[in-house]
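Could you show me around this structure in my viewer? I would like to know what to select next and what is there.

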Amino acid sequence: MTRRATDNTKALDAFIAAKTEIDAMLERLAALSADHFETHPDEINWGHVGTLNHYRAKLREITDMAFNEGEHAE
């Protein structure tokens with residue numbers, strides 16, 4: 001019995017599209033971070049801290065899933 005070759009063109013296209021979008025988001029986040037999230041040290045307040053902690057938590061969830069860490073550790 002021989003296996004028929006699977007045409008994964010559509011899956012590959014979708015994967016590349018998702019990766020491209022992720023790369024663009026990471027680039028934008030890196031630029032925003034380099035600009036200290038568009039804040040000046042004299043303007044920092046607890047609202048800014050809360051916002052960054054929220055961003056950090058979301059990114060931690062993603063990195064934990066991607067690297068099998070935290071609650072996603074095997």
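Here is a short tour of a pocket and a surface patch.

**Before you start.** Keep in mind that this is a predicted model.

**Stop 1: two helices.** Select residues 9-34, which form α1, and then 46-67, which form α2. Give each helix its own colour; each supplies at least two residues of the lining of the largest pocket.

**Stop 2: the largest pocket.** Now select I22, M25, L26, R28, L29, L32, L59, I62 and T63, and show their side chains: these residues line the largest pocket. The space inside comes to about 240 Å³. Which helix gives the most to this lining? It is α1, with six residues. Next, try colouring the lining by class: you should find seven nonpolar residues, one polar and one charged.

**Stop 3: a nonpolar patch.** Switch to a surface view and select I22, M25, L26, L29, L59 and I62. Together they make a nonpolar surface patch of about 520 Å². Both α1 and α2 give two or more residues to this patch, and the largest share, four residues, comes from α1.

**Stop 4: one residue up close.** Finish by centring the view on L26, which sits in helix α1. You have met L26 twice already: in the lining of the largest pocket and in the nonpolar patch. How much of L26 is accessible? Its relative accessible area is 48%. Since values between 20% and 50% count as partly exposed, L26 is therefore described as partly exposed.

Technical notes: Residues are numbered from 1 along each chain as its sequence is written. This is a predicted model: local features need pLDDT of at least 70, side-chain atom pairs count only at pLDDT 80 or more; totals for chains, interfaces and linings use all residues. Side-chain values use heavy atoms; hydrogens and water are left out. On a 1 Å grid over the protein atoms alone, a cavity is a set of points where a 1.4 Å probe fits but cannot get out, and a pocket is an open set with protein on both sides within 12 Å along at least five of seven lines; lining residues have an atom within 4 Å of a point. Grid points are joined across faces, edges and corners, and a volume is the space filled by probe spheres set on the points. Ala, Val, Leu, Ile, Met, Phe, Trp, Tyr, Cys and Pro count as nonpolar, Asp, Glu, Lys and Arg as charged, and the others, Gly among them, as polar. Patches are made of residues with over 30% relative accessible area and no salt bridge: like charges are joined within 9 Å, nonpolar side chains (Val, Leu, Ile, Met, Phe, Trp, Tyr) within 5 Å. Accessible areas come from the Shrake-Rupley method with a 1.4 Å probe; for residues, only the protein chains shown count as cover. A salt bridge is a side-chain nitrogen of Lys or Arg within 4 Å of a carboxyl oxygen of Asp or Glu. Buried means under 20% relative accessible area, exposed over 50%, partly exposed in between (1.4 Å probe, protein chains only).
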